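Hello,

Here is the structure I promised to pass on. Please open it alongside this email and follow the notes below.

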Amino acid sequence: MTNAEPVTAADVRLMQGLAQRVTALRPDLVNSDASFGELAWNWGKGHAGDGASWRRRLWFSGGDLVAWGWAQLPRRVRRGDGSVKDVTGAYLAYQVHPGHAGLVDEVIDWYDATAGNVERTVLPSAADEFALKRWAAHGYDSDPAALGDTGSWTQLNERDLTEVEEPVLPDGFRFRTADEAGPAAAVQAHLDAWAPSTYSAEAYQGVRRTEAYRGDLHVLVEAPDGTMASSAILWLDEANKTAEFEPVGTHPGYRRRGLARAMLLHGMLRARAAGATHVTVACLGAPGHPAARGLYYSVGFRELSRDAPLVKRPVR
């Protein structure tokens, strides 16, 4: 394996397998962007447009994947509205099995060599004391920008599915699935909720190619005029009987009507019917981003883990 290898669908399946094993042992050690559902979502939506700037390395022990790194390098991002954003730094998603914790040093060395002399960021779990010490030893410090009141760190939330409130929609609205609504409606729902976005029909095709995607667990709320006003994808990890919401979004013109809350409850019931006993969802954790966290708390979620954003500045 070389530093130049792109991330493939087969790699993602291996990474998801490691995510399942870490979830079974220490769910609080599952790193940001390394969860079962997040891996499928990030690869599916981004491989067509951003895949050329992705690099990966895999570490095996006895035939099992025990660590991986996925470096996203500087690139130019073009959004659906025609705007362009230049990403000048590198970001690493990674995971190390707790039984092979020492491999984090190899992951860090590989990342530094692959990214080169640019700003490098990473989001290990705040619960991973060993890894945090090793990142510090390699020159990584807490990222003050990410940790500010409007910073970009995330927290992972969970709840069980023993008792789930029945969802209630406003008159004229109804629940749909992506299988029922079709690809065009599913894509438009995401674009409306997340504009400006790089999402596209091609990106959705990538999402649907991942083994974990199920159209019957891609839930939407349809407005009386036919607009898909809210949408979410549930990723079912059958091995751990858990499901993850990613992403969750609502059209700006339909917010504050209780649609997202009803959709989350509806999704939980569908996940439970599919065999899940727990469900998770991530949100921005900084004080200046209370909306999503408040929504998730209102339907019974509570914090499970959080990021510890780190940065290493380039040498001038």
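**Starting at Arg55**

A polar atom of the Arg55 side chain lies 2.8 Å from the backbone oxygen of Ala52. Keep in mind that this is a predicted model. Arg55 sits in strand E1. Gly294 is 239 residues away from Arg55 along the chain, and the two C-alpha atoms are separated by 36 Å.

**The sheet around E1**

Strand E1 belongs to an open sheet of 6 strands. The order is E1-E2-E5-E6-E15-E7, and the pairing is mixed. Which strands stand at the edges? They are E1 (54-61) and E7 (141-142). Each has a single partner strand, so one side of each is left without a neighbour in the sheet.

Look at the E7 end next. Strand E15 covers residues 310-312 and runs antiparallel to E7. The two are joined by 2 bridges. One residue to find here is Asp141, whose bridge partner in E15 is Val311.

Two helices lie across strands of this sheet. Helix H1 (residues 9-25) lies across E1, E2 (64-72) and E5 (90-96). The angle between H1 and E2 is about 120 degrees. Helix H4 (residues 129-137) lies across E5, E6 (120-122) and E15. H4 runs at about 140 degrees to E5.

**Two domains and their contact**

The domain assignment splits the protein chain in two. Domain 1 is 9-148 + 308-312, and domain 2 is 159-306. Their centres, taken over C-alpha atoms, are separated by 24 Å. Domain 1 brings 29 residues to the contact, and domain 2 brings 26 residues.

How much area is buried between domain 1 and domain 2? The figure is about 2100 Å², with 64% of it from carbon and sulfur atoms. Three residues of domain 1 are worth displaying: Gln20, Phe36 and Trp41. They supply 26% of the area that domain 1 buries against domain 2, more than any other three residues.

Now the polar side of the contact. Between the two domains the count is 1 salt bridge. Arg13 forms a salt bridge with Glu211, and their closest N and O atoms are 3.5 Å apart. The count of residue pairs in polar contact between the domains is 8, with both residues at pLDDT 80 or more.

Which elements of domain 1 supply at least two residues each to the side that touches domain 2? They are H1, helix H2 (36-50) and strand E3 (75-78). H2 gives the most to that side, with 10 residues.

**Backbone points to check**

Two cis peptide bonds are worth a look. Ala195 and Pro196 are joined by a cis peptide bond, with omega about -5 degrees. Pro196 is in the loop between helix H6 (183-194) and helix H7 (201-209). Glu246 and Pro247 are also joined by a cis peptide bond, with omega about 0 degrees. Pro247 lies in strand E12 (residues 242-250).

Then go to Lys241. Its phi is near 55 degrees, a positive value in a residue other than glycine. Lys241 is in the loop between strand E11 (228-237) and E12.

Best wishes

Notes:
Residues are numbered from 1 along each chain as its sequence is written. This is a predicted model: local features need pLDDT of at least 70, side-chain atom pairs count only at pLDDT 80 or more; totals for chains, interfaces and linings use all residues. Side-chain values use heavy atoms; hydrogens and water are left out. Two strands pair if DSSP finds at least two bridges between them. Helices (H or I, at least four residues) and strands (E, at least two) are DSSP runs, numbered from the N terminus. Contact means heavy atoms within 4.5 Å. Axes are lines fitted to C-alpha atoms, for helices over the stretch in contact, and angles run from 0 to 180 degrees between N-to-C directions. Domain bounds come from an automatic or database domain assignment. Buried area is the accessible area (1.4 Å probe) that two parts lose on being put together, summed over both. A salt bridge is a side-chain nitrogen of Lys or Arg within 4 Å of a carboxyl oxygen of Asp or Glu. A polar contact is a pair of N or O atoms within 3.5 Å; within protein, one must be able to donate a hydrogen and the other to accept it, and residues adjacent in sequence count only if both atoms are side-chain atoms.
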